[in-house]
Amino acid sequence: MASTLSYIKLAAWLFAGTGLAQSLASDPEAHPLLPTWKCTKSGGCVQQNTSVVLDFEYRNVHTIGGSTSCKTGNKLNQAQCPNAETCAKNCVVEPADYAAMGVSTSGNAVTMYHYVKTNGKLNSASPRIYLLDANGKYVMMNLLNAELSVDVDLSTLPCGENGAFYLSEMTADGSKNPGQFNVGGAGAGNGYCDAQCQGYCCNEMDILEANSMANAFTGHPCKGNNCDKGGCGYNPYASGQKNFWGPGKTVDTSKPFTVITQFPASGGRLSQITRKYVQNGRTINSGAISNCGSEGSTGGLTGMGQALGRGMVLAMSIWNDAAQNMAWLDSGVNGPCTSGQGSPSNIQSQHPDTHVVFSNIRWGEIGSTGKA
């Protein structure tokens, strides 16, 4: 039988998420620490007490005293969990196993492996994580007229793989999840949303979707449930810069480099989204996005700027694409990869060690993050 402590932990998560018993709220898992920096031009960069949390889908929720799952996909099963009180009586939430899901931190770096070997078998972990503040809520980055910088190492990411570093307009407490009550809030990786309407529809800003052969940054504004799913993006290869990105190229992806994304505003309105890289002490200017579809239908660049001004949550993931083999990112007109080269089966057999490293994350006034 599950311990009384396990029951209390679940009850605390459930009631904390619904506001029924805030005094019981506790965090049943240790979140890997990942210090970040918030910067100003006058004061430099100040370290933030931040950590990362795995998405709720990576937690095992099962019946008390049994092994029957209390989840259907990434949502709670209504048979065992029609409401918070009943779910607390029926089910227990196990803390996430970060190592088993390919996630580890060291200093200011987080490493995510796509594949993890367990009992001699290579399994697909494909983790997705979010940035938490010291109070166990998501860090809300206000980036209108500001910039976001990160050091990346994606040298082991082949064709078809995607190391993603992006922003989602989730709620700070992770409580918004239509049709579901909140289990553990942000501390349990709850409340995910994006412009593809996973979880629910919300504004999404893809800072970096990349492997060692191709990359893109893309805005996906939403107006209500109407989102620009294709988005307004910039891919150097698709823009004619065939020698810009890759091993030994202008941005040498065989080595680490810094990605700086800026969101300048004029009169409180986002004017464009610009990108530059820093590698070996050299600044490399890249492209810019100055238009983002119809403001009337999805909000356009103005809507994207409004979301950035309200605050967005930082998400990081590593994944591949069985449906399209990531061709929209790195094949045909979008990159040098050949058809089928990026299939998950090819990646698993030929690149089982594929992983991405994000480090030295800092955000603040434009021109300030270089002082970290």
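Student: What makes E14 and E29 a pair of strands in this model?

Tutor: Strand E14, residues 146–153, lines up with E29 in the antiparallel sense over 7 bridges. Pairing takes at least two bridges, so with 7 bridges E14 and E29 count as paired. One spot to look at is Asp 153, which stands opposite Val 357 in E29. Keep in mind that we're looking at a predicted model.

Student: Which sense does E1 take with E29, parallel or antiparallel?

Tutor: Strand E1 (residues 36–40) runs with E29 in the parallel sense, over 3 bridges. That passes the cut-off of at least two, so the two strands pair. Find Lys 38, and you'll see that its bridge partner in E29 is Trp 363.

Student: And how do you know that E9 pairs with E29?

Tutor: Count the bridges again: E9 (residues 109–113) and E29 have 5 of them, in the antiparallel sense. Since at least two are needed, E9 and E29 make a pair as well. Ala 109 has Ser 359 as its bridge partner in E29.

Student: Why is E29 described as largely enclosed?

Tutor: Strand E29 covers residues 355–365, and 10 of those 11 residues are buried, so the rest of the structure largely encloses it.

Student: What about Asn 360: buried or exposed?

Tutor: Asn 360 sits in strand E29. Its relative accessible area is 16%, and buried means under 20%, so Asn 360 is buried. There's a backbone detail too: Asn 360 has a positive phi of about 50 degrees, although it isn't a glycine.

Student: Why is Asn 145 called partly exposed?

Tutor: Its relative accessible area is 43%. Buried would need under 20% and exposed over 50%, so Asn 145 falls in between and is called partly exposed. You'll find Asn 145 in the loop between strand E13 (140–141) and E14. Asn 145 isn't a glycine either, yet its phi is positive, about 60 degrees.

Student: How do you know whether His 62 is buried or exposed?

Tutor: His 62, in strand E4 (residues 61–63), has 11% relative accessibility. That's under 20%, so His 62 is buried.

Student: What makes the link from His 62 to Glu 94 a polar contact?

Tutor: Their side chains come to 2.9 Å. The limit for N or O atoms is 3.5 Å, so that distance fits. The His 62 side chain also reaches the backbone oxygen of Gly 66, at 3.0 Å. Farther along the sequence, His 62 touches several residues, including Cys 70, Asn 90 and Val 92.

Definitions and conventions:
Residues numbered from 1 in each chain as written. Predicted model: local features only at pLDDT ≥ 70, side-chain atom pairs only at ≥ 80, totals over all residues. Heavy atoms only, no water. Helix = DSSP H or I, 4+ residues; strand = E, 2+ residues; numbered from the N terminus. Buried < 20%, exposed > 50% of the residue type's maximum accessible area, 1.4 Å probe, protein only. Polar contact = N/O pair within 3.5 Å; in protein donor to acceptor, adjacent residues only side chain to side chain. Contact = heavy atoms within 4.5 Å. Lists of a residue's contacts leave out its neighbours within four places in sequence.
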